[in-house]
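Take a moment with the sequence and the fold. Then follow the paragraphs below, one region at a time.

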Amino acid sequence: MSNYHIKNFPEYYHVYRNSVREPETFWEEIAEEHFVWKKKWDKVLEWDFSKPEIKWFEGAQLNITENCIDRHLATRGDKTAILFEPNNPSEPAQHITYNQLSERVNQFANVLKENGIKKGDRVCIYVPMIPELAIATLACARIGAIHSVVFAGFSATALSTRINDSDCKMVITSDGSYRGSKTIDLKGIVDEALESCNSVETVLVAKRINSDINMKEGRDQWLQPLLDEASTVCEAEVMEAEDPLFILYTSGSTGSPKGMVHTTAGYMIYTAYTFKNAFQYRENDVYWCTADIGWITGHSYIVYGPLANGATSVMFEGVPSYPDFGRFWEIVEKHKVNQFYTAPTAIRALAKHGTALVDKYDLSSLKVLGSVGEPINEEAWHWYNDTIGKKKSPIIDTWWQTETGGMMITPIPFVTPTKPTYATLPFIGIQPCLMDENGNELQGNQVEGRLCIKYPWPSMARTIWGNHQRYKETYFSAYKNCYFTGDGALRDEVGYYRITGRVDDVIIVSGHNLGTAPIEDAINEHPAVAESAIVGFPHDIKGSALYGYITLKDLGESRDHTNLSKEINQLIADKIGPIAKLDKIQFTEGLPKTRSGKIMRRLLRKIASNELDNLGDVSTLLNPEVVESIKENRL
Ligand code: WT7
């Protein structure tokens, strides 16, 4: 029996039990047998959730790129590592082998070094889903630079906030990007962002759409000529186990985005191990995750997890709707995809277009279907299972977070019996628990509470960049000696978990994590706006959509509300990105508030969701009279 590859339920049960009884022995064996080290560790784990401080494999030295690339060259040199499928279906796919990936990563790493990047420097990567994105990420890891990938759909303001927060020395971008039938002027966005960034010395620009762009003398350089000159050999930097590998920003319920810091050894081990088992990946399988590398899903399950296993990982530049809603299935047929990993919002959007565009294609290569990002509703689950999986490919509903680095609660396909809408059982080594409002752990089954994790796992984020106090407050203060996830969950009669959704002011729209506070801040910048409150409401495709209640400074002045709504959404798109636009905007004369002046979001959430019957007692509010008018005018 191998601990590394779980093949049946008794094995899962046995290995899980060992992994929680003797976590250090368990992880040490995995680390020992399946990865290459420059130096072994002195200690497997040291932790204290009250500080919080978590260290895995202290004393060990390694480079993650040697584990993801170099060690495969002898046996898998000609195997495709990254299979790039362009936006335009008539542009040929690119099969980048492990040998080629090695050369291209090393060249890129040498270019970084020649441009002054050293171990520990932060490099912002704002690149669309083209091979350079994965290669730049790995090149940073090669030389020990800390990458901060920013999703190339974010606005200039969002980009500059992230660049400044971690003082990035360099930005890597492209002239532009393709998105379905549109092109986006990425370099223009970078130029605008950099007007308010002082730390950036160099901008490297990949050519993708051949647009005519501005190159700032002394700062901007075309990437390709530099790569052409660079050596294909670059020695991997020696990294300590706990050296930061990357920063990835995620929205919080309040304040600025949080730069979650992930470190090297634990992250590598856990993403590799979960990838292998959660997808039951076998040599020669073709694996495809439709996420963008700008999110944690792409970091862990397009780049690091798959490559650490020597897998073939598909990287898709486009969108599910271009040239039509059959594109995903066309790609599955074309590349004979075996494992397919996507988000419920995509499943719902595709299901809406019926089965004709599915039936056109041969999906018989599919073995495992994955879901991530938000709870998958029953209808979407069945459509995915029946229409895509033909009831023979198990669905893994994988629950995890940017902060957790890897999957935490998920079925293992062909091992764990699935149950619609349930993420089922904790992954090996993960110790979840449910807490009640008073901070007591709920024992036994058939209970519902707040989801926490009581023991460290290797890929957990170690801190928030530049703000350890915030890390402590956000994740380790609500419950003593536990990591608090921000989610609610229930445990059924057999111990399966079902995630019920966020219990804080984070709203998940189309699988994207959005904090209400930054959106409200953006809206409040509009000169006509006095105050605003954002809540989520159920949406057929997006899962949740945003509903904004807005009060204006001067209602006497009759303003065109349609135009105002447009201006407000434009402001949000500029400040955060189009994903944060509001679906519904209700202008109201007041927002319901408690006596201490807090906006009663719970009430607003119910009104937005059309749950008007049980609004509870509103008489204790500061201004109960506004509730009636908000109800009457709801959209
Ligand atoms: C939040 C984390 C993990 C990568 C993508 C999102 C929600 C995620 C599930 C799932 C129910 C889920 C949670 C979580 N979530 N996966 N399978 N079932 N909810 O990463 O942006 O950090 O968001 O997404 O609410 O806390 P993220």
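Which residues of strand E21 are buried on one side, and which on the other? Pro432 and Leu434 are buried on one side of E21 (residues 432–435), and Cys433 and Met435 are buried on the other. Both faces of this strand are therefore covered, where buried means under 20% relative accessible area, exposed over 50%, and partly exposed in between (1.4 Å probe, protein chains only). Strands and helices here are DSSP runs, numbered from the N terminus: helices are H or I with at least four residues, strands are E with at least two.

This is a predicted model; local features need pLDDT of at least 70, side-chain atom pairs count only at pLDDT 80 or more, and totals for chains, interfaces and linings use all residues. Residues are numbered from 1 along each chain as its sequence is written, and side-chain values use heavy atoms, with hydrogens and water left out.

Stay with E21 for a moment. Strand E22 (residues 447–453) pairs with E21 in the antiparallel sense, over four bridges. Two strands count as paired if DSSP finds at least two bridges between them. Opposite Met435 stands Arg450 in E22. Strands of a sheet pair through backbone hydrogen bonds, either parallel or antiparallel.

Now look at a wider sheet. Eight strands form an open sheet in the order E12-E11-E8-E6-E7-E14-E15-E23, with mixed pairing. Its edge strands are E12 (220–222) and E23 (463–464), and each pairs on one side only. Inside the order, strand E7 (residues 146–149) pairs with E14 in the parallel sense over two bridges. Ser148 stands opposite Ile247 in E14.

Helix H7 (residues 156–165) packs against part of this sheet. Its buried residues are Ala156, Ala158, Leu159, Ser160, Arg162 and Ile163. They pack against strands E6 (122–125), E8 (170–174) and E14 (244–250), and also against helices H8 (186–194) and H18 (561–575). An α-helix has 3.6 residues a turn, so residues three or four places apart point the same way. After H7 comes Asp167, in the loop between H7 and E8. Asp167 has a positive phi of about 45 degrees although it is not a glycine. Asp167 counts as partly exposed because its relative accessibility is 45%.

What about the ligand? The ligand is surrounded by 18 residues, and the closest are Asp397, Thr398, Thr402, Asp487 and Arg502. A residue is near the ligand if one of its heavy atoms lies within 4 Å of it. By class, this shell has seven nonpolar, six polar and five charged residues. Here Ala, Val, Leu, Ile, Met, Phe, Trp, Tyr, Cys and Pro count as nonpolar, Asp, Glu, Lys and Arg as charged, and the others, Gly among them, as polar. Helix H11 (296–308), strand E20 (395–398) and strand E25 (497–502) each supply at least two residues of the shell.

Some distances add detail. A ligand nitrogen is 2.7 Å from an N or O atom in the side chain of Asp397. Another pair joins a ligand nitrogen and a polar backbone atom of Glu374, at 3.3 Å. A ligand oxygen is 2.6 Å from an N or O atom in the side chain of Asp487. Taken alone the ligand exposes 560 Å², and the protein buries 95% of that. Such areas come from the Shrake-Rupley method with a 1.4 Å probe; for residues, only the protein chains shown count as cover.

Go next to Phe537, in strand E28 (residues 529–539). Phe537 counts as buried because its relative accessibility is 7%. Among the residues that Phe537 touches are Leu546, Tyr547, Lys584 and Ser609. Contact means heavy atoms within 4.5 Å. Phe537 and Ser609 are 72 residues apart in sequence, yet 5.0 Å apart in space, C-alpha to C-alpha. E28 also helps cover the buried residues of helix H17 (residues 516–524). Those buried residues are Thr516, Ala517, Ile519, Glu520, Ala522 and Ile523.

Finish with a hairpin. E1 and E2 form it, with four residues between them. E1 (residues 43–48) and E2 (residues 53–58) pair in the antiparallel sense over five bridges. Glu46 has Lys55 in E2 as its bridge partner. Pro52 is found in the loop between these strands, and the peptide bond from Lys51 to Pro52 is cis, with omega near -20 degrees.

Methods. A polar contact is a pair of N or O atoms within 3.5 Å; within protein, one must be able to donate a hydrogen and the other to accept it, and residues adjacent in sequence count only if both atoms are side-chain atoms.
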